[in-house]
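User: Could you take a close look at one small part of this model for me? I would like to know how its residues sit and what they touch.

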Amino acid sequence: MAKIVVKQVRSVIGRPEAQRKVIAALGLGRIGKKREIEDSPAVRGMVAKVSHLVEIVEK
């Protein structure tokens, strides 16, 4: 299965709790942190919810 690299580029300070939980579920938490994750509809939905906080690099 394909993988995507998700990088956090903005802080979660002042963001709603739901967005904080999505960032944590993606394995992020600090600006600049990257995670390589299996590409699936569930992950794409999570990334869409916090698209203003992360960048995606497809592999």
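Analyst: Valine 9 counts as partly exposed, because its relative accessibility is 32%, a value in between the 20% limit for buried and the 50% limit for exposed. Do keep in mind that this is a predicted model. Valine 9 has its place in the loop between β1 (3-8) and α1. Leaving aside neighbours within four places in sequence, valine 9 is in contact with Ile31, Leu53, Val54 and Glu55. As for valine 50, 41 residues apart from valine 9 along the chain, the C-alpha atoms of the two are separated by 11 Å.

Now step back to glutamine 8, which lies in strand β1. Glutamine 8 has a relative accessible area of 1%, so this residue is buried. Its contacts, not counting residues up to four places away in sequence, can be read in two groups. Glutamine 8 touches Ile23, Leu28, Gly29, Arg30, Ile31, Gly32 and Lys33, and also Leu53 and Val54. Ile31, Leu53 and Val54 are also among the contacts of valine 9.

Let's finish with glutamine 19, found in helix α1 (residues 17-25). Glutamine 19 counts as buried because its relative accessibility is 18%, and the cut-off for buried is under 20%. With residues up to four places away in sequence not counted, glutamine 19 touches Lys49, Val50, His52 and Leu53. Leu53 is therefore a residue to look for in your viewer: it is touched by glutamine 8, by valine 9 and by glutamine 19, with contact meaning heavy atoms within 4.5 Å.

Technical notes:
Residues are numbered from 1 along each chain as its sequence is written. This is a predicted model: local features need pLDDT of at least 70, side-chain atom pairs count only at pLDDT 80 or more; totals for chains, interfaces and linings use all residues. Side-chain values use heavy atoms; hydrogens and water are left out. Helices (H or I, at least four residues) and strands (E, at least two) are DSSP runs, numbered from the N terminus. Buried means under 20% relative accessible area, exposed over 50%, partly exposed in between (1.4 Å probe, protein chains only).
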